[in-house]
Amino acid sequence: MKIFLPDNSIIELDEGSTARDAAAAIGKGLAKAAVAAAVDGHQADLSKPLRDGDSISIITADSPEGLEIMRHSASHVLASAVLDIYPGAQLGIGPAISDGFYYDFLLPAPISESDLPRIEERMRDIAKARAPFQHRRLSRDEARRLFEDQPFKLELIEELPEDEEISVYTDLKFTDLCRGPHVPDTGRVTAFKLLSVAGAYWRGDENNPMLTRIYGTAFPSQKELGEHLERLKEAERRDHRLLGRQLDLFHIDEEVGAGLPLWHPKGALIRKIIEDFWRDAHLGSGYEMVMIPHIASVDLWKTSGHWDFYRENMYSPMDIEGQQFIVKPMNCPGHIKIYKSRTRSYRELPIRWAELGTVYRFERSGVLHGLLRVRGFTQDDAHLFVRPDQIQEEIIGIIKFVLYMLRIFGFKEYEVYLSTRPEKSVGDDAHWEQATEALRVALEEVGLDYEIDPGEGVFYGPKIDMKIKDALGRAWQCTTIQVDFNLPERFDVTYVGEDNAEHRPIMIHRALLGSLERFIGCLIEHYAGAFPLWLAPVQAVMLPVADRHLQYVEQIATRLGQEGIRVEIDYRKESVGKKIRDAQLEKIPYMLVAGDKEEDAGTISVRLYSDGDVGARPVEELVGDMMREIGEKS
RNA sequence: GCCGGUGUAGCUCAGUUGGCUAGAGCAGCUGAUUUGUAAUCAGCAGGCCACGGGUUCGAAUCCUGUCACCGGCUCCA
């Protein structure tokens with residue numbers, strides 16, 4: 001029979017040949033590297049018999065698909081091992097994920113990470129046994145009987161569509177419900193490591209029982225596995241919580257409260273630089289600044305709908321002379337009140353009001369995470385009041401603005417989501433649809449790739465979210481753009497139109513960086529604490545070789561200070577080596593060494609954090625170089 | 001909130017099966033050294049062993065409650 005290959009060539013095989021035979025016919029090396037095949041575009045086991053006219057491509061473990069298949073097989077090996085060691089274990093699911101795989105179990109007794117080596121060892125035995133992954137199709141009844149003591153599997157079987165065949169795979173002794181495909185045998189799961197154990201609700205629902213999830217990773221070779229583990233270690237070194245302490249940027253104090261960061265001078269300075277840049281950028285882009293108080297009467301939150309729809313995230317009211325007040329979880333009602341302080345004309349719109357507005361939200365204790373998830377944070381918030389005919393253009397403007405901002409801070413990779421109407425929401429369908437459409441068109445217009453996140457909108461409207469990743473690859477939502485027909489209605493917000501009649505504006509809520517806390521947390525990890533010159537809290541440190549050079553060094557520091565360069569002098573009676581080491585650990589971009597040579601020549605020796613010693617240069621040249629670099633924000 | 005883990009000096013960590021006055025390095029302070037591109041030397045000080053109960057002749061160590069942190073789940077900027 002004839003089999004077509006990806007390069008359009010044809011091979012001739014005997015009747016009843018399998019994908020494995022095809023691989024062998026193409027080449028010995030390929031047959032050895034093959035983990036699965038794609039037959040007519042569908043992934044299949046190598047043991048799959050081929051039919052005349054099939055087109056086939058061989059999948060190897062070094063392709064993304066192959067790696068995923070191999071990791072999925074690794075999760076079966078894990079389940080095998082766990083079942084061996086903990087006979088009563090019940091099985092959940094065990095998929096491949098972006099950096100590895102996991103499997104969920106309901107275990108007879110809790111386990112901890114110290115149990116992983118033992119499981120790993122058993123996995124190695126199973127791998128060594130090179131047990132084939134055998135595929136079988138079962139009737140529904142057979143499957144029910146096979147998994148009679150596996151309630152989670154039974155639940156999955158019941159949910160498979162009636163007409164779908166039930167497919168199982170067996171390796172060594174263990175049989176699992178699985179669509180496949182799998183590597184040919186357990187021996188193909190070579191380089192793997194179990195990483196952590198965690199709790200996970202069955203099917204991700206907190207009303208369901210909590211299972212024990214074991215995470216692991218697997219690679220085609222030990223070398224790649226080693227590299228990956230090295231990357232994980234490197235990511236740990238970039239952790240903003242660690243760098244926050246090392247660089248003395250912030251801390252979170254138990255006695256102050258969980259999720260309530262305290263900014264130290266250097267952290268506060270970085271924040272100030274970002275805030276200044278942000279304000280200037282906004283004032284230069286048609287925004288005006290507003291400011292509102294941190295607490296407001298509970299009546300305001302009843303009008304806004306937050307009392308009904310957002311109360312579980314709000315802190316309890318406080319009593320002030322018999323009146324109830326609430327710490328604000330959002331800034332929008334305040335901005336609306338400013339709008340409503342007088343009548344507005346259609347000529348004023350769009351109104352763009354921005355504020356670095358601090359809000360407080362209740363977050364469950366288990367979700368707090370350094371600066372990335374806190375209970376009090378400052379949003380780089382703005383609310384736009386627009387006429388219906390302006391909405392599209394304004395959203396496009398916002399998207400362009402955010403892309404500009406993210407580029408300045410060096411973020412090139414982000415995920416974009418369009419979140420649609422959630423279950424718990426207000427407003428009529430027509431408005432929701434109109435708003436969602438406006439967001440979609442804007443995304444297309446700007447040419448951003450995005451995914452739909454169904455049901456993830458806010459209670460008052462759909463939104464565009466942009467997420468950036470931390471050092472470990474976890475995505476954090478920063479940018480958000482939300483269209484809102486609801487609040488203008490609730491507050492009876494109006495403008496007087498050309499026709500002298502009252503009309504309802506539409507509100508756009510947006511935060512570009514999201515919150516300064518989260519954004520700076522991501523920024524620290526992004527730069528691994530080595531901030532570019534314009535953001536560095538200390539831009540240069542003067543390192544005199546001996547005390548007799550102090551006067552010269554002070555002169556230069558004064559000169560740099562005149563240009564607004566943030567410079568410190570290391571007055572300590574320490575060796576130059578020590579001073580350099582400490583400056584290097586503080587990740588100060590410019591280390592400026594001056595001794596007799598420099599003083600005589602009127603120069604300064606420059607050592608860059610990033611490049612080491614780059615030699616001496618005249619002081620004015622240095623000033624020019626630094627000012628240029630600061631101006632470029634690079 | 002849930003599952004598992006962790007909590008010893010400012011930081012990183014030791015601390016045997018419960019038993020002497022809880023140790024070390026770094027940081028800090030004092031003194032000496034005036035130093036040329038990632039650590040000069042010496043001394044001193046620093047601890048309610050997260051917090052509260054309990055078991056015990058005796059608890060950093062065992063039990064228990066609370067809090068915080070870490071990894072996840074769920075939830076969100």
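## Around the RNA

Let's start where the protein meets its partner in the model: 61 residues surround RNA strand B, and those that come nearest are Tyr201, Ser365, Arg373, Gln477 and Glu598. Looking from the RNA side, 52% of the atoms of RNA strand B that come within 4 Å of the protein belong to sugar and phosphate. Keep in mind as you look around that this is a predicted model.

What kinds of residues make up the surface near RNA strand B? Sorted by type, there are 20 nonpolar, 17 polar and 24 charged residues. If you'd like to pick out one element here, go for helix H18, which covers residues 576-585. With seven residues, helix H18 gives the most to this surface.

## Three contacts to find

Now zoom in on some single atoms. Arg373, one of the residues that come nearest to RNA strand B, has a polar side-chain atom 2.4 Å from a base oxygen of the strand. Ser515 also reaches a base: an N or O atom in the side chain of Ser515 is 3.0 Å from a base nitrogen of RNA strand B.

Which part of RNA strand B does the side chain of Ser575 meet? Here it's a phosphate oxygen, 2.7 Å from an N or O atom in the Ser575 side chain.

## The protein as a whole

Time to zoom out. Chain A has 634 residues, and 52% of them count as buried. Its secondary structure comes to 20 helices and 33 strands. If you follow the C-alpha trace along its principal axes, chain A spans about 85 × 80 × 55 Å.

## A nonpolar patch

Next, have a look at Ile295, Met318 and Ile320. Together they form a nonpolar patch on the surface, with about 200 Å² of accessible area. Ile295 sits in strand S17, residues 295-297.

Is Ile295 buried, partly exposed or exposed? Ile295 counts as partly exposed because its relative accessibility is 31%, and that label covers the range between under 20% (buried) and over 50% (exposed).

## A lysine in a loop

Last stop: Lys412. You'll find Lys412 in the loop between helix H13 (391-408) and strand S22 (415-419). Lys412 has a relative accessible area of 73%, so it is exposed.

How far apart are the C-alpha atoms of Lys412 and Ile468? Along the chain these residues are 56 residues apart, while 9.2 Å separates their C-alpha atoms in space.

How values were computed. Residues are numbered from 1 along each chain as its sequence is written. Chains are lettered from A and ligands numbered from 1 in the order in which they are written. This is a predicted model: local features need pLDDT of at least 70, side-chain atom pairs count only at pLDDT 80 or more; totals for chains, interfaces and linings use all residues. Side-chain values use heavy atoms; hydrogens and water are left out. A residue is near a molecule or strand if one of its heavy atoms lies within 4 Å of it. A polar contact is a pair of N or O atoms within 3.5 Å; within protein, one must be able to donate a hydrogen and the other to accept it, and residues adjacent in sequence count only if both atoms are side-chain atoms. Helices (H or I, at least four residues) and strands (E, at least two) are DSSP runs, numbered from the N terminus. Ala, Val, Leu, Ile, Met, Phe, Trp, Tyr, Cys and Pro count as nonpolar, Asp, Glu, Lys and Arg as charged, and the others, Gly among them, as polar. Patches are made of residues with over 30% relative accessible area and no salt bridge: like charges are joined within 9 Å, nonpolar side chains (Val, Leu, Ile, Met, Phe, Trp, Tyr) within 5 Å. Accessible areas come from the Shrake-Rupley method with a 1.4 Å probe; for residues, only the protein chains shown count as cover. A salt bridge is a side-chain nitrogen of Lys or Arg within 4 Å of a carboxyl oxygen of Asp or Glu. Buried means under 20% relative accessible area, exposed over 50%, partly exposed in between (1.4 Å probe, protein chains only).
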